[in-house]
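This briefing goes through the ligand surroundings and the nonpolar cores of one structure. The sequence and the structure are shown here.

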Amino acid sequence: MALLLKSDIERGDAWQRALRACEPDMTVHDWPYDGDPAEIEFALVWGPPRGALRDFPNLKAIFSIGAGIDHLASDPELPDGVPVVRMVEPGLTAGMTEFVILSVLTHHRFMLDYAIQQRDKVWREIPQIAAAQRTVGIMGLGVLGSEAADKLAAFGFDVAGWSRSPKERPGIATFHGDAGLAPFLARSAILICLLPLTPETQGILNARTFAALPRGAALISIGRGAHVVEADLLAALDSGQIGGASLDVFRDEPLPSESPFWTHPRVIMTPHVASMTIPDSAAEAVVANIRRLRAGQPLEHVVDLGRGY
Ligand code: NDP
Ligand code: OXD
């Protein structure tokens, strides 16, 4: 049994070690592979070149190294009929929950304002607001969004979630579909985007969306950069409709040096690090799924490429 691995260089060795520890009988080849393509049964990849996975005639499953599969769905030459599996693993989920809590608390406790005050040597208290009085809205109540919602609710925030299909979740106000978007936005003083990037969600963080939020709302954009219409966000920040933003993902990554987001005083930016797949825990998840397939059971977390997530 052989798996082809295309990871970033930094984590390549960690993946090799973790996969071998979980499944000693599996051979792991690094990308690019110049051996016999017929040997490869599984691919574990991030951003393969367009059409490249077609070269492997015995591929049984393509595992995405990340939760998002837009890097695969955007390839019109993916091999036909080979299931694509998104990454669901406890390390990635825990990391995202940490980042959401960190970012929500940053805006809830006015840390952008205090950073500006520190820069200007201003000693001024800003009245505190109880978590229960702070409305937080999460776009995307999937694996990552729902865990973050539960943890924010445990902090005492007034949490709502928006998804495509109806959901019920104790302690969380839920909204769905086009009809649910306006009422959801109207009650989101802190808006978090944890949607996948699909044709339907591209550009969803636009002037109309920002105008529907309470004035001065904070935006935490951690799904994909192409959710954001950047010119609309800059206008909303400059007008005060958006009071502050934590931006982890961008339309162009790395963010070009001329982008105004690098220096905007109301923006905290990070280089697509809200969460990362952790090879040790992720290897267990991938190998468990491969074992399911080999035992004749259905794979878990297969994406619907037609839907885009
Ligand atoms: P899931 O597939 O588990 O969840 C996606 C959620 O989005 C679901 O609740 C789904 O609704 C909802 N959704 C999808 N399309 C729409 C739509 N058109 N309207 C309303 N809701 C919609 O994904 P994950 O939680 O695992 O991951 C979410 C995204 O987070 C990833 O796709 C990736 O882009 C991003 N990510 C970013 C990282 C970073 O470091 N910045 C790290 C990891 C992930 P429903 O439940 O009804 O299907
Ligand atoms: C992603 C990830 O999808 O890193 O961004 O998992």
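What follows covers the two ligands in turn and then the cores. The model is predicted. Ligand 1 has 28 residues around it, and the protein buries 93% of the 940 Å² that this ligand exposes when taken alone. For ligand 2, the corresponding values are 84% and 210 Å².

**Ligand 1**

- Among the 28 residues around ligand 1, the nearest are Val143, Ser165, Lys167, Asp248 and Tyr309.
- The side chain of Tyr309 places an N or O atom 2.5 Å from an oxygen atom of ligand 1.
- Two backbone contacts can be listed as well: a nitrogen atom of ligand 1 lies 3.0 Å from a backbone N or O atom of Ile222, and an oxygen atom of the ligand lies 3.4 Å from a polar backbone atom of Gly223.
- Two elements, α5 (143-154) and β7, give two or more residues to the shell around ligand 1.
- By class, the shell around ligand 1 consists of 13 nonpolar, nine polar and six charged residues.

**Ligand 2**

- Ligand 2 is surrounded by Trp46, Gly66, Ala67, Gly68, Leu92, Arg224, His272 and Ser275.
- This shell divides into three nonpolar, four polar and one charged residues.
- Arg224 has a side-chain N or O atom 2.7 Å from an oxygen atom of ligand 2.
- His272 has a polar side-chain atom 2.8 Å from an oxygen atom of ligand 2.
- Ala67 contributes through its backbone, with an N or O atom 2.8 Å from an oxygen atom of ligand 2.

**Nonpolar cores**

- In soluble globular proteins, nonpolar side chains tend to be buried together.
- The largest nonpolar core here holds 28 residues, and Met139, Phe184, Leu205, Leu219, Leu233 and Phe261 have the most contacts inside it.
- At least two residues of this core come from each of β7 (158-163), α6 (177-186), β9 (190-193), β10 (217-221), α8 (230-239) and β11 (242-247).
- The largest share, four residues, is supplied by α8.
- Beyond its neighbours within four places in sequence, Phe261 is in contact with Glu230, Leu233, Leu234, Leu237, Leu247, Phe250, Leu255, Val267 and Met269.
- A second core, separate from the largest one, has 23 residues, including Phe157, Ile172, Ile192 and Ala274.

Definitions and conventions
Residues are numbered from 1 along each chain as its sequence is written. Chains are lettered from A and ligands numbered from 1 in the order in which they are written. This is a predicted model: local features need pLDDT of at least 70, side-chain atom pairs count only at pLDDT 80 or more; totals for chains, interfaces and linings use all residues. Side-chain values use heavy atoms; hydrogens and water are left out. A residue is near a molecule or strand if one of its heavy atoms lies within 4 Å of it. A polar contact is a pair of N or O atoms within 3.5 Å; within protein, one must be able to donate a hydrogen and the other to accept it, and residues adjacent in sequence count only if both atoms are side-chain atoms. Accessible areas come from the Shrake-Rupley method with a 1.4 Å probe; for residues, only the protein chains shown count as cover. Ala, Val, Leu, Ile, Met, Phe, Trp, Tyr, Cys and Pro count as nonpolar, Asp, Glu, Lys and Arg as charged, and the others, Gly among them, as polar. A nonpolar core is a set of buried Ala, Val, Leu, Ile, Met, Phe, Trp, Tyr and Cys residues joined through side-chain atoms within 4.5 Å. Buried means under 20% relative accessible area, exposed over 50%, partly exposed in between (1.4 Å probe, protein chains only). Contact means heavy atoms within 4.5 Å.
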